[in-house]
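Work through the exercises below with the model open. Each task is followed by its solution.

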Amino acid sequence: MKLKIESFSAHDFKGSKRLGAKNKVRQRQFFFCWLGTFLHGNTLGEILPRIAARGQQWQHFGRSCPTFRGRFKLALMAKHPSDCDICRRIAQIQSGAHPAFLAEFPTGYAVLGDNQFFRGYTLFLCKHPAPDLEDLPRDLRFEFLREMALVSEAVANVVKPHKMNVESLGNLAPHLHFHLFPRQLSESEPTKPVWLVMPQGDEAEKYAFDAARDGELVRHLRGALEGQNGEI
Ligand SMILES: [Zn+2]
């Protein structure tokens, strides 16, 4: 298997700088449009605390994101948390301690999901801690998506599902990752979204990853992903 680790920094987020000075007018229009929305329909007593809160955010964002577009977006959208579940998983993989690790790709790691109610459920974790796809430089974004599709294909080849459900949410953990769920017609409700079907509480415990029970599946998936890595 090819192993390649790449690191990326906040300075990779310079895409909007390439747009150049001609976009200054657009940036100004964008700002005043946002300001109008921000102020509309509010009393001064409501607006001032919000401005103070935004000021604190911008002070922080100014250090981490040098572009206007980056600062504006970060002020409104989810940001990567300092206490991140995905980063913890990646650290566990890198230390060799993750029992369900499947494969490393240039942009991410494939691991079997914590719960195997959907047999073969796999995660593809982005090495870069971006909250959303558009936070990645374009080349890296497309490469990440390409590798995610290769992982999904390998899972489908091994598990042979009726349908693959591929989702990226990140509402609880805003660090880019994909959920790859193989769905089977034998499920009680195969047409419903996974989140409405997945068991909860004690029932979910029955399907928690078990190295003894799921070891063979891990070996098969690793074998399939070795083949996919060869295509990179
Ligand atoms: Zn993270």
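**Exercise 1.** Over residues 58–63, where pLDDT stays under 50, how many contacts beyond four places in sequence does the model have?

Solution. This is a predicted model, in which local features need pLDDT of at least 70, side-chain atom pairs count only at pLDDT 80 or more, and totals for chains, interfaces and linings use all residues. Residues are numbered from 1 along each chain as its sequence is written. pLDDT is the predictor's confidence in each residue, from 0 to 100. Two residues are in contact if their C-beta atoms, placed from the backbone, lie within 7 Å. For residues 58–63 the model has six such contacts.

**Exercise 2.** State the confidence of the protein chain.

Solution. Its mean pLDDT is 81, and 66% of the residues reach 70 or more. Residues 1–19 have pLDDT below 50, with 24 contacts beyond near neighbours in sequence.

**Exercise 3.** Describe the sheet and explain why β1 and β4 each have one side without a neighbour in it.

Solution. Strands are DSSP runs (E, at least two residues), and helices are H or I runs of at least four, numbered from the N terminus. Two strands pair if DSSP finds at least two bridges between them. The order in this open, antiparallel sheet of five strands is β1-β2-β3-β5-β4. β1 (101–104) and β4 (163–167) are at the edges with a single partner strand each, so one side of each lacks a neighbour in the sheet.

**Exercise 4.** Inspect the pairing of β2 with β3.

Solution. Five bridges join β2 (residues 108–112) to the antiparallel β3 (residues 122–126). Gly-108 stands opposite Cys-126 in β3.
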